[in-house]
Each structure stands twice: as structure tokens, then as C-alpha cells.
Amino acid sequence: EHSNIARTYQVMYKHVCVDEAQDLNKAQYELIKVFCGDKIKSVLMVGDPNQMIYGFNGSKDYFEKDFVDDFLPQSFTLKENYRSTKAVIDLANKIKPNSQIKHKMAFPGCAKIQPCIDEEVEANWIILGLKSLLDAKEHNEIEGQITLSKMVVIGRNKFVFNKLEEKLIENDIPYYFNKGERQAEPESLFGKILDYAIRLKLNPKDWIDGKRLCSILKVKQPKQWNENNLLEKWSNSVRASNLPLTEIQYYLLQEINSLNQEEPNIRKFCKKLEDKLKEYKTENLNEPEQNELALSLQELAIFLKRWTSFKGKGLGSTLKAFRNAMTLGKLDTDIQGQGVTLSTVHTMKGLEKDIVFLIGMCDGVFPDYRATSPKDLNEEQNNAFVAVTRARRWLYISYPQNRMMPWGNNKYHIISRFFSTLPTSPLINN
């Protein structure tokens, strides 16, 4: 809207490079257009459609279609992989056929798929792998000494690390979460409502988060963002809706609406919500609803853990102080950068390690159970491609055939469909 500002930049710069261009959303793409205007003609977009994994942020193929029409560029396809070994590239080409070309000087490397009886066995297998690699100390395919800093464990979401964290602590193996993992955005509908509704509770004029909450609740936006009873109104609308686990979403909005901002009893709040979630009879729920219930319980546990950390650090006692502490990252883990890295696919994007473990690679987790449309499944396939290509030398993939759900039942899983056609190692059960 301020063309004089654009002209200032157009005088300062002659060239613009946009990296990770496959993840541009509409707002970002439009900004590039007005930034360049009709003055800056030297624009370089660097992107890989096989790595487009930010659909939830509105990313589309602007750099493949709109960019071609708006800037009339030359196109260069770069398929030779200088990062990874031949074994890793072969696996990447199984996920995205003909996407990578092996460099003739690349090391052979290795890519192994290991099924495990359950999550505990899987965690123990990774611990054994970490120790064996450290004991080896060196290898001609690894530059320098083999250390934990050259290893990463990647998962589709942060919850697949729970059992592994226990085992890492038991075995005195240092680890840290990649930046942003502790404060990652909630994934379940319950977790999103919990997050946005508390923001709106603290500031009824917060129309930005309010609109997001309206969108996920599928309710009509108010004409003015200054009412104090919006959560009460919406809870009644939600109760008559077809949202997943409708009753708990209604109850959640009611409980947030009644929270005392100055002295919130978060422990009691969480206990009531946990009890309400556990009232659901899992045998009466379909598989997506069971997965949603499990994720809701896990995210509620994280919320309570953050409150405990907030109180333990003496950062305050009000709901506003708690929310501010989360926003400012004051509840993040204190140790960063020491030991083996734990990371989700999204926060590992653009990074690489010599040795990569992919954990929890079973259907329903990877791809995510909510990915049902062709578009969503294609993005999940991109996620798998990104995860595999983080490996420079060696890649180890594992999955549990049985996962313990939060209500105590075991659930059987098969390997991710993205790897189902590949040979696996003999099953580990102890």
C-alpha cells in the first residue's frame, strides 16, 4: 500500500533470491511481487516441489505456476544429489521416483528398515544403535570421529519420542530437541481449541486468533471482537455440530470460559478435562476418532507439564503470565545443542546430519491419520522424502508393530505405506 517504501528498496537492491520457494504462501508471494515491482527483474527462485510440506501454512505451487507467468523466467532442473550416499538416494527415489541422480563419487552408504514388536523395543534398538556407532569411533564414510552431534532421530510428530526419551535418560545419553520442538503448534483439534480459546479469553479483541478459532470450530465470526461471552456462545454451537469428539470440545470451551485469570487452578482444570476425555469408550470410536483422542490426551499432558515448569521457575501465577512465558520461550528446555538431536520433519527442514534415525514410521503416524485427501497424502509423501534426504551417509528406519494408547490398550500398526514395498530386517522382539 506504500509504493514509496517499495521504491526505496528497489533502488537499494538489484537482485532478489527466494530460497525454499516451494513453501511460499499467497501473502509471501504477493510481498515478493510488490517488493520487486517493475524495477527488479533479476529474481531467482530456488525450490523443490517434492519438499513442499507447509500446506497447513497456505503454501502452494506459486513458484511453479504464478512465477512463470509473472516473471517469465528461465528454468533449470538440478537433480544431482551431492549430499547423500547411494543407498539414501536409492531410497529417496523409491518415495519420489526419478527425483535424484547419484553423484559418481558418492559413498555406498546404508539404508536399513527395522520392524520392532513395540515402542519400547524400538527405543532400545535405537539406543543400541547409538552406542554401537559411538563404540566404532570412526568410519571411512564419516569425516572425523563419530559423535552424537553427527546423529539425529526424526519423527513425524513430537509424541513418538516419549519412550525414546525415557531410554536416553536411563542410559545417560545426552540429547536435545531441535529448536522449536518444545513449543511446536498443537496438532489435535482439542489442542488448537485450548490454545486459541485461552488467547481469546485473555484478550477478547484478539480478532486474529479469534478468526482462527472460528475456523476450526466452524462457527460464524462476530461483528465486533470485544464480547466477553463468545466462548460460551460458541460452546453451545459446537455441541450441536459434527466436530470430532464433540462433547469434549464443548466442555473445553466451557471450562476455559470459567477460568479465573488471576488465580487459575490449572491442575484442577487439566484433571477435569482428562477425566472427561477418558469417559469416551474407545470401542465406540472409529480409528480417526481414537487417534484424535490419543493426541488430545498427549497435548493436555504437555500443557500441564508447561504449567508445572512455569510455577517451578517462579515466573508468576496468572493465566496471562503463563501465556506470556510460553510465547517468549521461557518454558523451553534449558539444554540446547548437546548430544543427539531429536527433531520432527518440519524443524529438520533445510538441515542435515551424517546419521539419521527415522522413528515411528508406521501407517497412521506417517502418513498422519488425518491425511485422507490426495493433496494431503502427497504432502505426507513429501514429508517422507524430506525426512529421508536429511541423511548424508547412513539411514536407519524403524517402526513399532504395537503402540500403547493413552487409555492402556495396544494398537497394531503396519509399516508406513511409503516404505511398504521395501525389504525389511528380521523382526526384533526383545
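These are legends for six close-up views of the predicted model. Because the model is predicted, local features need pLDDT of at least 70 and side-chain atom pairs count only at pLDDT 80 or more, while totals for chains, interfaces and linings use all residues. Residues are numbered from 1 along each chain as its sequence is written, and side-chain values use heavy atoms, with hydrogens and water left out.

**View 1. Helix α5 and what it packs on.** Helices here are DSSP runs of H or I with at least four residues, strands are runs of E with at least two, and both are numbered from the N terminus. α5 has 18 residues and reaches 26 Å from first to last C-alpha, close to the 26 Å expected at 1.5 Å a residue (the expected span is 1.5 Å times one less than the number of residues). Its buried residues include Trp-125, Ile-126, Ile-127 and Leu-130; buried means under 20% relative accessible area, exposed over 50% and partly exposed in between, with a 1.4 Å probe and protein chains only. They pack against β5, β6, α6, β8, β9 and β10, where contact means heavy atoms within 4.5 Å.

**View 2. The largest nonpolar core, seen around Phe-419.** A nonpolar core is a set of buried Ala, Val, Leu, Ile, Met, Phe, Trp, Tyr and Cys residues joined through side-chain atoms within 4.5 Å. This one holds 56 residues, and Leu-164 and Phe-419 touch the most other members. Helix α5 supplies the largest share of this core, seven residues. Leaving aside neighbours within four places in sequence, Phe-419 is in contact with Leu-91, Ile-95, Ile-113, Met-361, Val-388 and Ile-397. Elsewhere sits a second, separate core of 43 residues, with Cys-214, Trp-234, Leu-253 and Leu-285 among them.

**View 3. A cavity lined in part by α5.** On a 1 Å grid over the protein atoms alone, a cavity is a set of points where a 1.4 Å probe fits but cannot get out, and lining residues have an atom within 4 Å of a point. Grid points are joined across faces, edges and corners, and a volume is the space filled by probe spheres set on the points. There is one cavity of 30 Å³ or more, and the largest has about 90 Å³ of space. Its lining includes Glu-119, Lys-163, Leu-164, Cys-362 and Arg-403. α5 gives the most to that lining, with three residues.

**View 4. Helix α15.** The 15 residues of α15 should span 21 Å at 1.5 Å a residue, and the end C-alpha atoms are indeed 21 Å apart. Glu-379, Glu-380, Phe-385 and Val-388 are among the buried residues of α15. The helix's buried residues pack against α4, β6, α14, β9 and β10.

**View 5. The loop between β9 and α15.** Look for the cis peptide bond from Phe-366 to Pro-367, with omega near 10 degrees. Asp-368 is in this loop too, and it is buried because its relative accessible area is 8%. Not counting residues up to four places away in sequence, Asp-368 touches Arg-156, Glu-187 and Glu-380.

**View 6. Positive phi at Asn-98 and Leu-245.** Asn-98 has a phi of about 60 degrees although it is not a glycine. Asn-98 sits in the loop between α4 and β4, and is exposed at 61% relative accessible area. Leu-245, with phi near 50 degrees, lies in the loop between α9 and α10. Leu-245 counts as buried, at 4% relative accessibility.

Terms used. On a 1 Å grid over the protein atoms alone, a cavity is a set of points where a 1.4 Å probe fits but cannot get out, and a pocket is an open set with protein on both sides within 12 Å along at least five of seven lines; lining residues have an atom within 4 Å of a point.
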